[in-house]
Amino acid sequence: MEESWRILEFYSGIGGMRYSLMRAGIRGVVVEAFDINDKANDVYEHNFGHRPFQGNIQTLTAIDLDKYGAHAWLLSPPCQPYTRQGLQKGSADARAVSFIKILELIPHMLHPPLLLFMENVVGFETSNTHKQMIKVLTRVGFVTQEYILSPLQFKVPYSRPRYFCLAKRKPLSFQHPSCNNQLLRTPPSHLTSSSTIPKDRHHFSDGQEEFGISCEPIRNFLEAQTSYNPQPEYAGVSFCLKCNVCPANCEKNTDDALVNSGAPQDIENTNIRTGNIVEEVEGAKEDKIALDKYAVPISSIERWGNAMDIVYPDSKRCCCFTKSYYRYVKGTGSLLATSESINSKPAKKLEISSLKELCLRFFTPREAFDNR
């Protein structure tokens, strides 16, 4: 039997890289994961039965890394130094230091990794950190292939272009050497049908309809077992999702744009209006998701309606979800129109009164984050 690859997962978070590894069917075992965030490590441990190393990875030495005997490294370093909405300080940002330190250890290892896979935000490819990374990898004998890809190119209706770097240490080589040492914006033909990918796409903010032609509609990614009452008992009264009882203008809700004070897991534990519904299904109890708790308050629609990104079940794209999704409705991700009399007219052209009739809701945590 072919030996399994031994893999190190840096900046492991809740395990997105490891999950992708499993979905890809790669014969590999994650011998160690690294993340400094205690909450993320709780989730990772719950998902995979293994708790990541929680120390500061800047304290690791080349000897420490050699002990793992890893063939491949997966890396998702902090993106804040490179994001468009940040200060774009690159390697001068303190959050970039650990990644640079890890890179600088590679030339000093007796057994450096054979493979590296790294992802980050668009913008990393123009940073000085990127220059340092390529310099180190080249010196150690790596060949790289770099991509900026969007889920839209893989028929997933989610607009989130990301930077990816694949690196192989010689004598290993890529299947398509013509792509070596280049930054490409289309996946190679063995990943997806080339006929569905437009040529020479340099920007994803414009012309996304070109990708949308081949995307599946959003309805294919919605949860099937749901219960949603778009006309709640207190129709026309905006409730505060912070205390779940009083109207939205209570003293606890200091900003109409504020929808919920917590992350998705907080919403899951909150009963709003109808609460969770439990039904008997073939002799067993099955929790139905009461989508009422994801309804967008009327007060938020009145204030931010024209700034919302509203999509429909038949839409073939939605905007990137941010960590402030569920808390704010402006610029944090798309909202779903659920009214049975849905009109797919662009939401920005609708009056506020019409927006209220769309029965807007947030995507559930599973819809927003499991399908990314």
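In the predicted model, C319 is partly exposed, with a relative accessible area of 28%. The structure as a whole holds zero disulfides. C79 accordingly takes part in no disulfide, and the nearest cysteine sulfur to that of C79, belonging to C320, lies 9.5 Å away. C79 is likewise partly exposed, at a relative accessible area of 27%. C319, too, is in no disulfide; for this residue the nearest cysteine sulfur is that of C318, at 7.2 Å. Since a disulfide requires cysteine sulfur atoms within 2.5 Å, the 9.5 Å between the sulfurs of C79 and C320 and the 7.2 Å between those of C319 and C318 do not qualify.

The overall composition of the fold was examined next. The protein chain contains 10 helices and 13 strands. Of its 372 residues, 45% are buried. Among contacts with a sequence separation of 6 or more, 68% join residues that are 24 or more positions apart.

Nonpolar side chains tend to be buried together in soluble globular proteins. In the present model, the largest nonpolar core comprises 32 residues, of which F10 and W73 touch the most other members. At least two residues of this core come from each of β1 (5-10), α3 (62-67), β3 (72-75), α4 (97-105), β4 (115-121), α5 (128-140) and β6 (162-169). When residues up to four places away in sequence are not counted, F10 touches F34, L60, L65, W73, L74, L75, S76 and I102. The two residues with the most core partners, F10 and W73, are therefore also in contact with one another under the 4.5 Å criterion. A second core, separate from the largest one, has 25 residues; V296, W304, M308 and L355 are included in it.

Helix α4 was considered in further detail. Its buried residues are S98, F99, I100, I102, L103 and L105, and these pack against β1, α3, β3, β4 and α5. One of the buried residues, I102, is listed among the contacts of F10. A pair of packed helices is described by the angle between their axes and the distance between the axes. For α4 and α5, the axes come within 10 Å and cross at roughly 10°. Because this angle falls under the 35 degree limit, α4 is roughly parallel to α5. The crossing of the two helices is left-handed. The interface is formed by F99, I100, L103 and E104 on the α4 side, which meet T129, Q132, M133 and V136 of α5. Residues three or four places apart in an α-helix point the same way, as there are 3.6 residues a turn.

The loop that follows α4 also contributes a buried position. P113 lies between α4 and β4 and counts as buried at 0% relative accessibility. Although 40 residues separate P113 from W73 in sequence, their C-alpha atoms are 6.7 Å apart. Apart from neighbours within four places in sequence, P113 is in contact with A70, H71, W73, F142 and R169. W73 thus touches P113 and is one of the two residues with the most partners in the largest core.

Another buried loop residue is Q153, located between β5 (142-149) and β6. Q153 has a relative accessible area of 2% and is therefore classed as buried. The C-alpha atom of Q153 is 8.2 Å from that of P187, a residue 34 positions away along the chain.

Several backbone features were found in loops. K170 and P171 are joined by a cis peptide bond, with omega about 15°; P171 is placed in the loop between β6 and β7 (183-184). The loop between β6 and β7 also holds N181. This asparagine, N181, has a positive phi, near 55°, while not being a glycine. N181 counts as exposed, at 56% relative accessibility. A positive phi of about 55° is also found at C359, again in a residue that is not a glycine. C359 is situated in the loop between α9 (352-356) and β13 (360-361). C359 is buried, its relative accessible area being 9%, whereas N181 is exposed.

Conventions
Residues numbered from 1 in each chain as written. Predicted model: local features only at pLDDT ≥ 70, side-chain atom pairs only at ≥ 80, totals over all residues. Heavy atoms only, no water. Buried < 20%, exposed > 50% of the residue type's maximum accessible area, 1.4 Å probe, protein only. Core = buried A, V, L, I, M, F, W, Y, C linked by side-chain atoms within 4.5 Å. Helix = DSSP H or I, 4+ residues; strand = E, 2+ residues; numbered from the N terminus. Axes fitted to C-alpha atoms, helices over the stretch in contact; angles between N-to-C directions. Parallel < 35°, antiparallel > 145°, perpendicular 65-115°, else oblique. Left-handed = near helix turned anticlockwise from the far one by under 90°.
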